[in-house]
Amino acid sequence: MNVLSVIHGDDARAELFAPAIEEAGHSLDEWSFSWGTPPPRPIESYDAVLVFGGAMHADHDDKHPWLVPETRWLEELLVNGTPVLGVCLGVQLLARASGAWVGPMLVPEIGWHGVELTDAGVDDPVVGALPRTFTALQWHHYTYGLPEGAVELARSASCTQAFRLGDACWGVQFHPEVTRSQLDGWIADASDPPPDPERLRVETAEHIARWNELGRALCTAFLDTAARVQERAA
C-alpha cells in the first residue's frame, strides 16, 4: 500500500510507525498542510492515511489557517472510505471533521495514564490489538465528543481515548507512535512543560519498552485492516 503520514510539526511524526510500515512492505510519504505544497503523489493514490499530533489545537484556525482545508480534506476521506488513523491532534481533527465537539480539558492529561478498552474495543480489528487495560503515554490539553454514529473503543479516567467511525476510520487520543528520543524532546521543550519532568523521565524508563511493543502491534493491525478494506473496495 501507499501510506501517507500527515504531520503538524517536526516533533510529532510517524516515529515508531515508520519502520513498522516499511518492514511490512508498504511505502510511506510524509506531508503537511502547513507546507502549502501538494503531497508527494496524487492524493487519491494513497491507500491509507495516518494523521499525527502537533503543538496546536484543533480549533486554532486563527493561528493556523491551514487547519480549515485539512479538516475539509478529512471530511472527504471519511466520505470516500479511505482507511485513516488519527493520533492525538489527529483524532481531534477527525472528530471535528465528523461534526463532533472538540475543546479544552479542565486538566490536561500529560504523562503515563491507565487506559481501558470497552467491549467494542476488545473486539475491534485495530484497537483490539491492545490489551484490555494498559498504561499509555498521554500529552494533550484538548478532548472531543464522540462523533455521531461512532463506537467508543477505549477510555481513561479523564476522557474518551479511542473510537471507530464506519469501517475505515479510527482515532486514538494516546500516543502509540512515541519513541524514547521523541519523548525526551517533548519533556525538554519549555513551551509545553510537563507537570513533573523528572517523574515523567522515571516513568518513561519503566514503561517505554512495553509501550513500543504495543505501538507496533497497533500500527500493524491498522495496516492489515486497511489492506482488507482496500481489497473489499477493489
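This is a short talk through the fold, the pockets and a few individual residues of one predicted chain.

Okay, some housekeeping. It's a predicted model, so local features need pLDDT of at least 70 and side-chain atom pairs count only at pLDDT 80 or more, while totals for chains, interfaces and linings use all residues. Residues are numbered from 1 along each chain as its sequence is written, and side-chain values use heavy atoms, with hydrogens and water left out.

Let's start with the overall picture. The chain has six helices and nine strands; those are DSSP runs numbered from the N terminus, H or I of at least four residues for helices and E of at least two for strands. Its radius of gyration is 16 Å, close to the 17 Å from the globule rule for 234 residues, so the chain is as compact as a globular protein of that length. That radius is taken over C-alpha atoms, and the rule is 2.2 Å times the number of residues to the power 0.38. Along the principal axes, the C-alpha trace spans about 50 × 40 × 35 Å.

How much of the chain counts as buried? That's 52% of the 234 residues, where buried means under 20% relative accessible area, exposed means over 50%, and partly exposed is in between, with a 1.4 Å probe and protein chains only. As for contacts (heavy atoms within 4.5 Å), take those between residues at least 6 apart in sequence: 72% of them join residues at least 24 apart.

Now, pockets. The definition is a mouthful: on a 1 Å grid over the protein atoms alone, a pocket is an open set of points where a 1.4 Å probe fits, with protein on both sides within 12 Å along at least five of seven lines, and lining residues have an atom within 4 Å of a point. Points are joined across faces, edges and corners, and a volume is the space filled by probe spheres set on them.

The largest pocket holds about 330 Å³. It has 19 lining residues, and Gly54, Ala55, Met56, Trp139 and Asp192 lie nearest its centre. Helix 3 (89–97) and strand 6 (133–144) are the elements that give two or more residues to that lining, and strand 6 has the largest share, with four. By class we get eight nonpolar, eight polar and three charged residues. Here Ala, Val, Leu, Ile, Met, Phe, Trp, Tyr, Cys and Pro are nonpolar, Asp, Glu, Lys and Arg are charged, and the others, Gly among them, are polar.

The second largest pocket comes in at about 230 Å³. Of its 14 lining residues, Glu44, Tyr46, Leu77, Asn80 and Thr82 are closest to the centre. Helix 2 (67–80) and helix 6 (197–233) each supply at least two, with helix 2 giving the largest share, four residues. The class split is eight nonpolar, four polar and two charged.

Back to helix 3. Eight of its nine residues are buried, so this helix is largely enclosed by the rest of the structure. One of its residues is glutamine 92, which is buried at 3% relative accessible area. Setting aside neighbours within four places in sequence, glutamine 92 contacts Ala58, Val102, His140, Tyr142, Thr143, Tyr144 and Gln173. Just after the helix, glycine 99 has a positive phi of about 90 degrees.

On the other side of helix 3, cysteine 88 sits in the loop that follows strand 4 (84–87). Its phi is near 55 degrees, a positive value in a non-glycine residue. Glutamate 15 also has a positive phi, near 45 degrees; that one is in the loop between strand 1 (2–6) and helix 1 (17–23).

And disulfides, meaning cysteine sulfur pairs within 2.5 Å? A search of the whole structure finds zero. For cysteine 88, the nearest cysteine sulfur is that of cysteine 159, 9.7 Å away. Why is cysteine 169 without a bond? Because its closest cysteine sulfur, in cysteine 88, is 15 Å off, too far for a bond. Cysteine 88 is buried at 6%, and cysteine 169 is buried at 2%.

Last one: isoleucine 43, in the loop between strand 2 (27–31) and strand 3 (48–51). It's partly exposed, at 30%. Beyond its neighbours within four places in sequence, isoleucine 43 contacts Leu4, Trp31 and Trp73. The C-alpha atoms of isoleucine 43 and leucine 4 are 8.7 Å apart, across 39 residues of chain.

Definitions and conventions: Disulfide = S-S within 2.5 Å.
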